[in-house]
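Reader: I am new to this structure and would be grateful for a close look at a single part of it. Please begin with one strand and then follow its surroundings outward.

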Amino acid sequence: MDVQRYISSGIIESYIAGLATELEVRELHSAMEQSPELKTAVDAAQLDMERYIQMQSQPPPASIKDKLFLLVNNDQSAEMADVTAAGAVPAYEAEVPRERKPLTLVHPAWRVMAVAALAGVIGLGYYIYQQGQADSEWKVKYEALVSEKETMLAEQKVFQTRMQESESMLTTIRNMKTVNMYTVTTARPGLLGTVYWNPKSQEVLLTIHNLPEPAADQQYQLWSIVNGKPVDAGVFDMSTATAGFQKMKAVPGAQMFAVTLEKKGGSPTPTLSAMYLAGKVAG
């Protein structure tokens with residue numbers, strides 16, 4: 001690089017004066033990096049230019065300085081007057097503005113997806129609620145059916161038990177002798193009772209058709225007549241004897257049966273004047 005050519009070309013003076021082109025500036029900077037001599041020449045020329053300017057410069061008159069300060073002070077007074085005339089500064093203007101967080105913009109697509117998701121959640125909740133209601137109704141109906149079925153099974157079991165008891169009773173009665181007992185006095189006409197007796201097992205069953213209800217302190221008592229002597233066959237409850245069959249005491253060798261009205265709990269001997277029914281065992 002020819003340093004003297006740069007120095008004598010006048011480009012250094014143009015650069016210091018701010019008149020060099022952009023291309024000339026780039027070339028000069030590149031040359032100064034390559035040549036310390038050129039850089040020293042540029043610095044020296046710049047220093048000379050500053051000295052020259054200082055030598056040529058003249059201080060302004062003192063009156064101009066005073067006028068400038070007066071203008072500045074007048075401008076500040078006018079600004080203060082404008083502020084005072086505008087009145088007190090509102091409180092909210094005097095407050096320190098709060099730092100605002102930057103807003104985060106949400107893409108419209110996300111908004112649509114959020115709305116769709118919310119609608120889906122609401123729909124799912126409503127569906128679950130409807131299913132819960134339906135399940136509750138079906139549960140109530142199911143429990144009612146189960147209860148009804150259990151009631152029917154219990155009733156069926158009771159009916160089967162009664163049927164078995166009836167069949168057993170009929171089988172027992174078929175193997176027994178039937179002894180019809182009738183009223184023994186004209187004062188109590190139309191009375192009827194029946195004794196079923198098994199001579200082998202000595203088992204006795206009694207059923208009453210239409211005996212009058214005894215007093216609270218009285219009770220009917222069944223007797224069997226064996227070889228002309230009364231044998232106690234037990235007292236009986238009217239509700240059981242009239243509703244079905246009441247099992248009485250076992251009786252051996254009975255030829256006759258009779259019913260008397262005795263004191264409650266029975267009597268060791270029959271009261272003949274209070275005999276209501278009597279019937280002979282058929283041979």
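Author: Strand β3 is largely enclosed by the rest of the structure, because five of its five residues are buried. Buried means under 20% relative accessible area, exposed means over 50%, and partly exposed lies in between, with a 1.4 Å probe and protein chains only. Strands, such as β3, are DSSP runs of E with at least two residues, helices are runs of H or I with at least four, and both are numbered from the N terminus. The model is a predicted one, in which local features need pLDDT of at least 70 and side-chain atom pairs count only at pLDDT 80 or more, whereas totals for chains, interfaces and linings use all residues. Residues are numbered from 1 along each chain as its sequence is written, and side-chain values use heavy atoms, with hydrogens and water left out.

Both faces of β3 are covered. On one side Val204, Leu206 and Ile208 are buried, and on the other side Leu205 and Thr207 are buried. In a regular strand the side chains alternate between the two faces of the sheet.

The neighbours of β3 come next. Two strands count as paired if DSSP finds at least two bridges between them. β2 and β3 pair in the antiparallel sense over five bridges, and Thr194 stands opposite Thr207 in β3. These two strands, β2 and β3, form a hairpin with six residues between them. In the turn, Gln202 has a positive phi of about 65°. β3 also pairs with β6, again in the antiparallel sense, over three bridges. Val204 has Met248 in β6 as its bridge partner.

The wider sheet gives β3 its setting. Eight strands form an open sheet in the order β5-β4-β7-β8-β1-β2-β3-β6, and the pairing is antiparallel. At the edges are β5 (229-235) and β6 (246-248), each of which pairs on one side only. From one strand to the next, the twist averages 30°; the angles are taken between N-to-C directions, run from 0 to 180 degrees, and use axes that are lines fitted to C-alpha atoms. Elsewhere in the sheet, eight bridges join β4 to β7, which run antiparallel. There, Tyr220 has Leu261 in β7 as its bridge partner. Strands of a sheet pair through backbone hydrogen bonds, either parallel or antiparallel.

β3 also contributes to a nonpolar core, a set of buried Ala, Val, Leu, Ile, Met, Phe, Trp, Tyr and Cys residues joined through side-chain atoms within 4.5 Å. The largest such core has 26 residues, of which Val195, Leu211, Leu222, Phe236 and Phe257 touch the most other members. At least two residues of this core come from each of β1 (177-183), β2 (192-197), β3 (204-208), β4 (218-226), α8 (238-243), β7 (256-263) and β8 (275-280). A second, separate core of 10 residues includes Val3, Tyr6, Ala31 and Ala45. In soluble globular proteins, nonpolar side chains tend to be buried together.

One charged contact involves the edge strand β5. The side chains of Asp232 and Lys249 meet in a salt bridge at 2.9 Å, N to O; the term requires a side-chain nitrogen of Lys or Arg within 4 Å of a carboxyl oxygen of Asp or Glu. Asp232 lies in strand β5 and Lys249 in the loop between β6 and β7, so this pair ties together parts that are 17 residues apart in sequence. Asp232 is partly exposed at 28% relative accessibility, and Lys249 is partly exposed at 45%.

The structure holds three salt bridges, and the remaining pairs lie in helices. Glu22 and Arg26 form one of them, with the closest N and O atoms 3.3 Å apart. Both residues, Glu22 and Arg26, lie in helix α3 (residues 22-34), four residues apart, about one turn of the helix. Glu22 counts as exposed at 61% relative accessibility, whereas Arg26 is partly exposed at 48%. Asp43 and Lys39 form another, with the closest N and O atoms 3.2 Å apart. Asp43 and Lys39 both lie in helix α4, four residues apart, about one turn of the helix. Asp43 is partly exposed, with a relative accessible area of 37%, and Lys39 is partly exposed, with 41%.
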